[in-house]
Amino acid sequence: MTGGSADSDGVDPYAVASDPDRVFWADAVADAVEARESEDPLVVKGGVSPSGIPHIGHFNEILRGYFVAEVLRERGHDVRQVFTADDRDRLRSIPHRLADSDWNLVGLGEVDAGALGRNLGRPYTDIPDPFGEADSYGEHFTELLRRSVAQLGIDVEFVSNSELYESGAFDEAVERVLANRETAREVLAQYQAGVDDEYVPFFPICESCGLLTEGVDAVDLAGRTVSYTCTDVETGGETIAGCGHEGVASFREGKLPWRFEWPAQWQHLGVDFEPFGKDHAEGSWDSGVDIARTIFGIEPPVPMVYEWFTLDGEALSSSSGNVVTVDEVLDLLEPEVLLYFFAKEPLKQRDFSIERLDQLVDEFDRFERVYFREVEADPERQALADRVYPFLVDEIREERIRIPYTFAAVLGMTDDPALREDIARREGHIPEDAPDWAVEEALGRVGRARTWARRTGNEFDYELKRAELPDVSLEADTAAALDDLADFVAAGHDGEAIQGEIFALAEAHDLEVGDFFAAGYRLFFDDTEGPKLGPFLARLDREFVVARLRRER
């Protein structure tokens, strides 16, 4: 692990969440926040540029912040959780995929990509929404993020950077930076190349072409304006040509460079805690601390580094289109399972795998059972479950039922709700005395697991012909082999044993193995192919499997 430097008060962004006396990392962070002795309300912050589709990677900051905020509230503090939309940032590149207000993901061919290309270098809030649904590109994607947060029932206050500039809320911060621009240059030069004696830490918006330019010629502190020439801008590995216009912009008609804007947010919002990814930990945090103290005369908030996670082994990226949204994820699993994923140790690298989502759900289910003492766990795991589980659910209910995710996927092979419930009851996954609300919640997982099967095209993405026996014509030797297989299944063997017996019976009855498997698939799916048959049959209720193999129903 690469460590960052602690500030003068000893708050190390890599170590703040680690405390051997705390089983939950959010408690350790809350200790550090309380040590600041700030007055309530305490402020927990995150932020992102609305550059494209909001995905679950953006929820690192939101949900890490949420757990710390909840711990602080539990301790009696008034807490504001704030998330800044850094929407005055410039559009640096054109994303490969976008999403409309209904979360339909589209490629660039379905929007006016040319219009986006013509707006490179402009602030997100000055770019038209490509779907015509919001006031700007920035507002469109901020609103999607806001709605994603609402789906998880989390109270987050969204703040627009553009509004902070336009309202004058950042006037004093801009004035402070520009009044001390020589010192600002000296500080910035320690962290960023290309800072010369002519550098002015302010980007005006060209009134002619809308480009966030960097060609500041003079600063008028009394009038709170800058004079500029619209010069070329390097961004996203490309050069965006300036129009050459000479003009004057007020402090409200531009923005600070991000290394100054970040501490300006801390000052204006009174931030006490902010988590951030490892990309910010190497240099960005150090420059933020230096600028906060040297230019703004404030102490930085308590920091915490988190490790980015991957999506099915690949980096999450709005620009490349490798994303999964909260809206998509909640079609696949319950909100508490997603919260559980983010409650884990922040500095451990993890993969969020859609393909193996059943493993995450199974892990959560066991965590829940540990909390209710339904399974044994080592003392550390028990203590963690006791501490964390209440933060994951809206209400603690011991009567809650969890149908195993892959069994729910099997139930999803039939569309009959009554049949789904009947099978789940006969297989012991729904107790006789279960309350109606618990049954409804439990069966709600079936639809999610079915969606997962369809999305991944896995072994459960088949339609089980349960209601009636498919019209299948069988040779006598194949029928005899199926009868023997029915006897074997009736004896209670597991999936791998059944799979092995299929091969053995094909040999014993002098059948082609492929033909014997195809006969089984026709019986259950009216198809010639399907999932690995032995383990699949073991997941179904045994009475049905035996009857179907005997062609009785």
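This passage walks through two sheets, one helix, a buried loop residue and the empty spaces of a predicted model.

Take the antiparallel sheet to begin with. Three strands make up this open sheet, in the order 7-8-11. Strand 7 and strand 11 sit at its edges, each pairing on one side only. From one strand to the next, the twist averages 20 degrees. Strand 7, covering residues 216-220, is tied to strand 8 by 4 bridges, and the two run antiparallel. Within that pairing, Ala218 stands opposite Ser227 of strand 8, while Val219 has Val226 as its bridge partner. The two strands form a hairpin with 4 residues between them. One of the turn residues, Arg224, has a positive phi of about 50 degrees.

On to the pairing between strand 8 and strand 11. Here 5 bridges join strand 8 to strand 11 (residues 246-250), again in an antiparallel arrangement. Tyr228 is matched with Gly247 of strand 11 as its bridge partner. Strand 8 spans residues 225-229, and 4 of its 5 residues are buried, so the rest of the structure largely encloses this strand.

The other sheet is also open and has 3 strands, ordered 16-15-17, but its pairing is mixed. Strand 16 (314-315) and strand 17 (351-352) are at the edges with a single partner strand each, so one side of each has no neighbour in the sheet. Strand 15, made of residues 310-311, runs parallel to strand 17 and is joined to it by 2 bridges. Leu311 has Phe352 of strand 17 as its bridge partner. In general, strands of a sheet pair through backbone hydrogen bonds, and they can do that either parallel or antiparallel.

Turning to helices, helix 1 (residues 25-35) is mostly covered, with 8 of its 11 residues buried. The buried set consists of Trp25, Ala26, Asp27, Ala28, Val29, Ala30, Ala32 and Val33. What do the buried residues of helix 1 pack against? Their partners include three strands' worth of sequence and three helices by name: strand 1 (42-48), strand 13 (273-277) and strand 14 (302-306), along with helix 2, helix 12 and helix 14 (379-392). After helix 1 comes Glu37, which has a positive phi near 60 degrees.Further along the chain, Thr414 is found in the loop between helix 15 (405-411) and helix 16 (417-426). Its relative accessibility is 10%, so Thr414 counts as buried. With neighbours within four places in sequence left aside, Thr414 is in contact with Leu419 and Arg420.

Next comes the empty space. Rolling a probe the size of a water molecule over the atoms shows where such space is left. The largest pocket holds about 1,400 Å³. It is lined by 48 residues, and the closest to its centre are Val48, Ser49, Asp89, Asp279 and His280. Strand 1, helix 8 (258-269), strand 13 and helix 9 (278-281) are the elements that give two or more residues to this lining. Helix 8 gives the most, with 5 residues. By class, the pocket lining divides into 18 nonpolar, 17 polar and 13 charged residues.

As for enclosed spaces, the structure holds 3 cavities of 30 Å³ or more. The largest cavity has about 80 Å³ of space. Of its 16 lining residues, Val48, Ser49, Pro50, Phe141 and Leu145 are the closest to the centre. Strand 2 (79-85) and helix 4 (137-151) are the elements that give two or more residues to the lining. Which classes of residue make up the lining of the largest cavity? There are 9 nonpolar and 7 polar residues, and no charged ones.

The second largest cavity comes to about 60 Å³. Its lining is made of Asn60, Arg64, Glu307, Trp308, Phe309, Phe341, Phe342, Lys348 and Arg350. Helix 2 (59-74) and helix 12 (335-343) are the elements that give two or more residues to that lining. The lining of the second largest cavity splits into 4 nonpolar, 1 polar and 4 charged residues.

Key
Residues are numbered from 1 along each chain as its sequence is written. This is a predicted model: local features need pLDDT of at least 70, side-chain atom pairs count only at pLDDT 80 or more; totals for chains, interfaces and linings use all residues. Side-chain values use heavy atoms; hydrogens and water are left out. Two strands pair if DSSP finds at least two bridges between them. Buried means under 20% relative accessible area, exposed over 50%, partly exposed in between (1.4 Å probe, protein chains only). On a 1 Å grid over the protein atoms alone, a cavity is a set of points where a 1.4 Å probe fits but cannot get out, and a pocket is an open set with protein on both sides within 12 Å along at least five of seven lines; lining residues have an atom within 4 Å of a point. Grid points are joined across faces, edges and corners, and a volume is the space filled by probe spheres set on the points. Ala, Val, Leu, Ile, Met, Phe, Trp, Tyr, Cys and Pro count as nonpolar, Asp, Glu, Lys and Arg as charged, and the others, Gly among them, as polar. Contact means heavy atoms within 4.5 Å. Axes are lines fitted to C-alpha atoms, for helices over the stretch in contact, and angles run from 0 to 180 degrees between N-to-C directions.
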